[in-house]
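Here are some exercises to work through with the model open beside you. Try each task before reading its solution.

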Amino acid sequence: MAHYVLRRLALAAFALWGVATLVFLMSRLIPGDIAAVAAGRLATPEQVEQMRVTLGLDRPLVVQYADYLLGAVTGDFGVSAYTHRPIVEEVAEVLPSTVQLVLMGMFITVVVALPLGIWAALREGRGADAAIRILLVLKGGIPVFWLAIVLRWVFGSILGWFPITGENSIGGAPPDVTGFTILDSLLFGSFANLRDSVSHLFLPALALSAPFISTLARNVRSNMLTAMRSDYITFAVSKGVPPGRVVMRHGFRSAFGSTLTIFGLQFGWMISAAVLVETVFALQGIGSLMYKSIVNHDTFAVLGSVLVIGFVFVFTSLVVDLLHMLLDPRVRTAQLARA
């Protein structure tokens, strides 16, 4: 067990090193002069050169790479060339907004995908199964940014059911304690602020969850079909176990391991996809930070944001793998035998 955990930690560290190296190479391939952006449009050539020295861009590439890795390990992603603030501070300010959006999107995914997948599996070969599968294929093929625009237009602009920009109405934000508006509303017992925050986040979270609902529901359906055809399910039915208990306690429990893996990985995928949704709904998350940084040619801020997203994805993958092994004896046996 310990050997497997150490091996997974080593692989995660190697993956993080690969992400950091790729981000560093990207920073040197992106067109434009970072020093010129940091110095400002009215800067003289001498001021630009001085800024290049300040940012360490005049040193050999190997030295820059070593400093970059050391900074990434210690949480120092450099200074924004546009705002001249530490990038880690800017990311820390906006990351709770993105995490809150992703968690709400994952909640919608679970509420919709699990019942659809189970229902389709129990109605295999019938009209309901075919209709659900067609719906899931269509839903999974819709681009996230296009769906976000449509939802904003229909339910926000035309019907007026939901707000279409920001995380709160003017004057409707709770006191900022954790950075999570929903959690802060609960901490202060303000249900008006809670309702306001949820209404602002619902459409973005729904747009973000759409392709992941399709992926998770189809995974649940496939795993449930495999589980329901197993011998132990036949044995349970022959013993007279109630159908509901057969489906949930035996069938879904067997299919839960693979479903958990897909669901856990969706956290990292959603953070990546949140860039598009946050831009459409004007949410101040890490996606919005990346968009502004790209517009302002702030290379350091863009790459710092990409690095954080990569770290989150690798860490999530590690946690999901360990949970899958702990919860599924079959996976645990196979991994320990391989080790």
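**Exercise 1. Find what share of the chain's contacts between residues at least 6 apart in sequence join residues at least 24 apart.**

Step 1. Take contact as heavy atoms within 4.5 Å. Among contacts in the protein chain between residues at least 6 apart in sequence, 71% join residues at least 24 apart.

Step 2. A word on the input: this is a predicted model, in which local features need pLDDT of at least 70 and side-chain atom pairs count only at pLDDT 80 or more, while totals for chains, interfaces and linings use all residues. Residues are numbered from 1 along each chain as its sequence is written, and side-chain values use heavy atoms, with hydrogens and water left out.

Step 3. Now add the secondary structure: the protein chain has 14 helices and zero strands. Here helices (H or I, at least four residues) and strands (E, at least two) are DSSP runs, numbered from the N terminus.

Step 4. Of the 339 residues of the chain, 42% count as buried (buried is under 20% relative accessible area, exposed over 50%, partly exposed in between, with a 1.4 Å probe and protein chains only).

**Exercise 2. Describe how helix H5 meets helix H12.**

Step 1. Start with the axes, which are lines fitted to C-alpha atoms, for helices over the stretch in contact, with angles from 0 to 180 degrees between N-to-C directions. The axes of H5 (residues 87–122) and H12 (residues 286–295) come within 7 Å and cross at roughly 130°.

Step 2. Classify the angle: H5 is therefore oblique to H12. Under 35 degrees counts as roughly parallel, over 145 as roughly antiparallel, 65 to 115 as roughly perpendicular and the rest as oblique.

Step 3. List the partners. H5 contributes Glu90, Val91, Val94, Leu95 and Thr98, and H12 contributes Ile286, Gly287 and Leu289.

Step 4. Sort them by type: five are nonpolar, two polar and one charged. The nonpolar set is Ala, Val, Leu, Ile, Met, Phe, Trp, Tyr, Cys and Pro; Asp, Glu, Lys and Arg are charged, and the others, Gly among them, are polar.

Step 5. Look at H12 on its own. Its buried residues are Ile286, Gly287, Ser288, Leu289, Met290 and Ser293.

**Exercise 3. Is serine 305 buried or exposed, and which residues does it touch?**

Step 1. Locate serine 305: it sits in helix H13.

Step 2. Serine 305 counts as buried because its relative accessibility is 0%.

Step 3. Leaving out residues up to four places away in sequence, serine 305 touches Val91, Ile286, Leu289 and Met290.

**Exercise 4. Place glycine 166 and alanine 282 in the fold, and check the phi of alanine 282.**

Step 1. Glycine 166 is found in the loop between helix H7 (144–158) and helix H8 (181–187). With a relative accessible area of 18%, glycine 166 is buried.

Step 2. Leaving out residues up to four places away in sequence, glycine 166 touches His200, Phe281, Ala282 and Leu283.

Step 3. Follow one of these partners. Alanine 282 lies in the loop between helix H11 (243–281) and H12, and is partly exposed at a relative accessible area of 35%.

Step 4. Most residues other than glycine have a negative phi. Alanine 282, although not a glycine, has a positive phi of about 55°. Just after H12, histidine 297 also takes a positive phi, of about 60°.
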